[in-house]
Amino acid sequence: MDNFKEKTLEEFLHRRISAIIRSDDKEVAAQAMEAAIAGGFRIVEFTLTTPGALELISIFSARGDGTVVGAGTVMTPQDAENSVKSGARFLVSPVCDPRVIGRAQELDVVTIPGTFTATEMATAHGLGADLVKLFPAPANLSEYIRFLLGPMPYLKIFPTSGVNINNMMDVLQAGAAGVGFVRSLFLPEDLASRNFTAIEERATAIVHLVESS
């Protein structure tokens with residue numbers, strides 16, 4: 001692992017929270033993510049299903065303020081390559097695809113494949129995944145993570161659904177390496193009404209909670 005990739009992983013394990021935007025409007029996505037950053041988030045992810053996602057990754061990667069930018073919904077090796085060329089420092093997938101993990105390793109960036117079962121997580125880890133994304137989230141999220149870490153304490157589990165400000169500390173205390181915020185940070189009604197102030201306030205509350213723990 002080179003220094004650049006190692007620093008990205010260290011940021012994940014230090015910050016423990018990421019902001020993940022999925023939108024059908026490029027400008028809304030940009031302004032919403034600006035609000036999350038203003039609220040204190042330093043690890044941000046643009047899903048490739050968002051129009052202009054690669055351009056947004058490029059723009060936010062060039063900020064020079066320490067923000068770590070990654071790509072989500074990376075489904076193919078070509079997605080991985082395009083994302084890294086645009087400046088992505090980590091790649092997140094909803095599934096565990098050996099081709100994507102392999103390409104991420106060749107590109108020397110952090111890879112976070114989507115997994116749900118113990119077998120999928122063990123497979124992803126064995127393929128070289130740096131973190132394993134828990135997706136989708138079970139109803140008993142914290143308990144589920146505890147069950148998984150019992151026999152596999154080496155896993156770095158990163159749930160990205162089912163997490164909100166009310167349960168995030170329970171999830172982290174259960175042993176999650178970190179948590180990703182999607183809809184619970186970027187409420188659909190806030191995106192629709194362009195209420196970026198509400199997003200910033202929510203981001204501030206989340207960051208304060210995790211930093212004071």
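In this predicted model, the loop between α5 (98-107) and β5 holds D108. This residue is not a glycine, yet its phi is positive, at about 60°. Most residues other than glycine have a negative phi, and most peptide bonds are trans. D108 is partly exposed, with a relative accessible area of 25%. A second residue of this kind is R194, again not a glycine, with a positive phi of about 55°. R194 sits in the loop that leads from α9 (188-193) to α10 (196-211). Its relative accessible area is 42%, so R194 is partly exposed.

Two further positive phi values follow directly on helices. R16, just after α1, has a phi of about 70°, and G87, just after α4, has one of about 120°. The backbone also contains a cis peptide bond, which joins F135 and P136 and has an omega of about -10°. Here P136 belongs to the loop between β7 (132-134) and α7 (141-149).

The helix that ends just ahead of R16 may be taken next. Helix α1 covers residues 3-15, 13 residues in total, and spans 18 Å from its first C-alpha to its last. That reach is close to the 18 Å expected at 1.5 Å a residue. Which residues of α1 are buried? They are K5, T8, L9 and F12. These residues lie on the same side of α1, because the arc they cover around the axis is only 95°. Their packing partners are strands: β2 (43-47), β3 (68-72), β4 (90-92), β5 (110-112) and β8 (157-159).

One of those strands, β2, contains T47. With a relative accessibility of 1%, T47 counts as buried, since the cut-off for burial is under 20%. Leaving aside residues up to four places away in sequence, T47 touches I20, I21, R22, A53, G72 and T73.

Helix α4 (residues 77-86), the one followed by G87, has A80, S83 and S86 among its residues, and these three are buried. Seen down the axis of α4, the buried residues fall within an arc of 130° and so line one face of the helix. What do the buried residues of α4 pack against? Their partners are the helices α3 (53-61) and α5, together with the strands β3 and β4. Strands β3 and β4 also receive the buried residues of α1.

Helix α7, at the far end of the loop that holds P136, buries L141, S142, Y144, I145, L148 and L149. The arc covered by these residues is only 160° around the axis, which puts them on the same side of α7. They pack against α6 (118-127), β7, β8 and α8 (168-173). Strand β8 is also a partner of the buried residues of α1.

Attention now turns to a pair of helices. Two packed helices are described by the angle between their axes and the distance between the axes. How do the axes of α2 (residues 26-38) and α10 lie relative to each other? They come within 7 Å and cross at roughly 35°, and the crossing is right-handed. On the α2 side, the contact is made by V28, Q31, A32, A35, A36 and A38. On the α10 side, F196, I199, E200 and A203 take part. Sorted by class, the contact has eight nonpolar residues, one polar and one charged.

Two residues of these helices illustrate how separation in sequence and separation in space can be set side by side. E201 is located in helix α10, and its relative accessible area of 54% makes E201 exposed, because exposed means over 50%. E201 and G40 are 161 residues apart in sequence, while their C-alpha atoms are 9.9 Å apart. A38, in helix α2, has a relative accessibility of 49% and therefore counts as partly exposed. A38 and A122 are 84 residues apart in sequence, with 37 Å between their C-alpha atoms.

Terms used:
Residues numbered from 1 in each chain as written. Predicted model: local features only at pLDDT ≥ 70, side-chain atom pairs only at ≥ 80, totals over all residues. Heavy atoms only, no water. Helix = DSSP H or I, 4+ residues; strand = E, 2+ residues; numbered from the N terminus. Expected span 1.5 Å × (residues − 1). Buried < 20%, exposed > 50% of the residue type's maximum accessible area, 1.4 Å probe, protein only. Arc of directions from axis to C-beta. Contact = heavy atoms within 4.5 Å. Axes fitted to C-alpha atoms, helices over the stretch in contact; angles between N-to-C directions. Left-handed = near helix turned anticlockwise from the far one by under 90°. Nonpolar A, V, L, I, M, F, W, Y, C, P; charged D, E, K, R; others polar.
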